[in-house]
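Subject: Structure for your review

Dear colleague,

Please find below the structure that I am handing over to you. I would be grateful if you would keep it open while reading the notes that come after it.

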Amino acid sequence: MENHHFLNAQRTIALIDVNNFYVSCERSFNPTLKSRPVVVLSNNDGCVISRSNEAKALGIKMGAPWFKCQDLVKKHQITGLSSNYALYADMSNRVMTILSDFSPNQEVYSIDECFLDLTGFEKKNLVEYGQQMRARILKWTGLPVCVGVGSTKTLAKLANHIAKKQAQFNGVCDLNQLSEGALKDVFSLLDVGEVWGVGRKLAIKLKALGIHTVLDLKQADSEYLRQQFSVVMEKTVRELNGTACMALEEIVPPRKQILSSRSFGHPVRDFNSLAESITLYMSRAAEKLRSQQSLANVVQVYIRTSPFKLDEPQYGNGITIPLPTPTDDTRQLVKIALWALKRLYQPNFNYAKAGVCLGELIPRASAQFDLFASGQSSSRSTKLMSTMDCINAKMGRESIKLASEGFARPWKMKQGNKSPNYTTHWDQIPIASKN
């Protein structure tokens with residue numbers, strides 16, 4: 001649900017972004033990583049998904065396959081860490097909670113970014129206010145952030161980029177305080193690809209039209225660009241000129257579908273291991289489904305071999321199953337998913353990935369059930385799922401789970417260099433040295 005308050009009036013929006021978020025989370029609990037080249041890797045330690053500034057300077061690219069970086073790793077002693085999603089999610093929650101004290105209107109945009117509506121705060125020095133945000137987050141979490149301020153979300157996002165890349169702003173850039181001449185000077189030096197929503201592919205097309213910088217895009221004919229691209233591009237130009245076209249979403253809209261999938265750490269050939277993975281993924285998806293108070297009408301299941309191992313037999317298949325009655329019951333959803341897996345599974349293949357998807361989601365409050373249906377929509381089912389979620393939230397994920405999820409999980413993803421769960425596991429809380 002969007003908040004249209006101030007949408008058509010002059011607004012002041014701040015975008016706060018944690019610098020190199022995953023790497024910064026690791027450094028917050030391991031000071032020996034500071035000032036060293038560090039990267040965090042994707043599932044199964046496959047690709048680079050977060051880089052320290054030192055790693056960027058050495059030429060490590062975002063998304064680069066880790067095995068292709070080994071020459072640079074050995075030469076410059078680059079540290080590669082496995083993803084620690086529990087740590088990152090918890091640190092994100094802490095940052096967003098801190099920022100909620102600085103404005104009553106907040107949109108959590110991603111795990112490491114949020115918008116704050118500072119309209120009405122203009123009597124404050126917003127650069128100083130931004131520095132207060134940075135200081136408090138650094139003191140309470142150890143995470144470095146930058147703050148960008150503008151009259152629209154697009155300008156706030158651009159201001160954040162400037163604050164991060166240009167040292168003279170010291171981590172906080174308020175475009176509303178710059179004169180028109182100063183804005184032109186800043187925008188004329190920024191590549192058009194730095195604008196939120198433009199990116200590399202659209203930047204190439206814009207440059208073919210003679211639009212090379214942010215200033216060029218700001219001064220372009222928005223109606224013409226709408227004809228050449230879409231209404232989104234027109235809104236981007238309008239936002240660069242200070243006309244707000246995007247409101248803050250203070251309440252995150254429910255997902256329209258929920259996907260849960262992983263690549264395996266080792267090839268899987270037997271049905272039972274595939275069944276364990278499908279059960280786990282469906283359990284995670286069902287938990288997310290309940291957290292947003294939704295029910296699923298459709299279940300999708302797929303399995304496939306690795307498309308990169310062309311010397312091995314290839315197979316991939318999926319199936320979509322409409323449900324007779326919408327549900328959020330893990331037991332029912334897993335039962336349906338395993339029924340689908342039996343029809344998909346073919347022996348003698350090295351399976352590399354499996355996944356499930358819940359679709360055609362509807363709000364639980366507005367669901368209409370079959371009068372003669374039983375089990376999945378009953379009060380007993382709802383209470384059981386609620387109890388299971390509460391226990392897992394309090395005692396730790398998978399404190400209670402379906403037995404078909406398995407225990408050994410030889411197929412689980414590789415995490416060869418994962419840091420401890422410093423903030424989410426009692427046995428892994430860091431201990432201060434007496435020395």
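The notes below set out what was found, beginning with the overall division and ending with the cysteines.

Please bear in mind that this is a predicted model.

Overall division

The protein is divided into domain 1 (9-177), domain 2 (179-253) and domain 3 (258-368 + 375-405). Between the C-alpha centres of domain 1 and domain 3 the separation is 33 Å. The UniProt record, an unreviewed entry, lists residues 13-199 as "domain: UmuC". That span is 40% helix and 20% strand, and its end C-alpha atoms are 22 Å apart.

The five-stranded sheet

Five strands make up an open sheet with mixed pairing, in the order 5-6-1-7-8. Strand 5 and strand 8 (172-174) are at the edges with a single partner strand each, so one side of each has no neighbour in the sheet. From one strand to the next, the twist averages 15 degrees. As general background, strands of a sheet pair through backbone hydrogen bonds, in either a parallel or an antiparallel arrangement.

Strand 6 (residues 113-117) deserves a closer look. Five of its five residues are buried. Glu113, Phe115 and Asp117 lie on one side of strand 6, with Cys114 and Leu116 on the other, and both faces are covered. The pairing of strand 6 with strand 1 (residues 13-18) is antiparallel and extends over five bridges; within it, alanine 14 has leucine 116 as its bridge partner. Strand 6 also runs antiparallel to strand 5 (residues 106-110), to which four bridges join it. Here serine 110 is opposite glutamate 113, and glutamate 107 is opposite phenylalanine 115. Strands 5 and 6 form a hairpin, with two residues between them.

Strands 2, 3 and 4

Strand 2 (residues 38-41) is likewise covered on both faces: Val38 and Val40 on one side, and Val39 and Leu41 on the other, are all buried. Strand 2 runs parallel to strand 4 (residues 79-82), and four bridges join the two. In that pairing, valine 38 stands opposite threonine 79. With strand 3 (residues 48-51), strand 2 pairs in the antiparallel sense over three bridges, and leucine 41 has valine 48 as its bridge partner. Six residues lie between the strands in the hairpin of strand 2 and strand 3, where asparagine 44 takes a positive phi near 60 degrees.

Helix 6

How many of the 13 residues of helix 6 are buried? Eleven are, so helix 6 is largely enclosed by the rest of the structure. The buried residues include Lys153, Lys157, Asn160 and His161, as well as Leu155, Leu158 and Ile162. At 1.5 Å a residue, helix 6 (residues 153-165) should span 18 Å; its end C-alpha atoms are 19 Å apart, which agrees.

Cysteines

The structure holds zero disulfides. Why does cysteine 146 form no bond with cysteine 173? The closest cysteine sulfur to that of cysteine 146 is in cysteine 173, and because the two are 10 Å apart, they are too far for a bond. Cysteine 146 is buried, at a relative accessible area of 4%, whereas cysteine 245 is partly exposed, at 21%.

Yours sincerely

Methods. Residues are numbered from 1 along each chain as its sequence is written. This is a predicted model: local features need pLDDT of at least 70, side-chain atom pairs count only at pLDDT 80 or more; totals for chains, interfaces and linings use all residues. Side-chain values use heavy atoms; hydrogens and water are left out. Buried means under 20% relative accessible area, exposed over 50%, partly exposed in between (1.4 Å probe, protein chains only). Two strands pair if DSSP finds at least two bridges between them. UniProt positions are given in the numbering used here, feature names are shortened, and annotations may be inferred rather than shown by experiment. A disulfide is a pair of cysteine sulfur atoms within 2.5 Å. Axes are lines fitted to C-alpha atoms, for helices over the stretch in contact, and angles run from 0 to 180 degrees between N-to-C directions. The expected span of a helix is 1.5 Å times one less than its number of residues. Domain bounds come from an automatic or database domain assignment.
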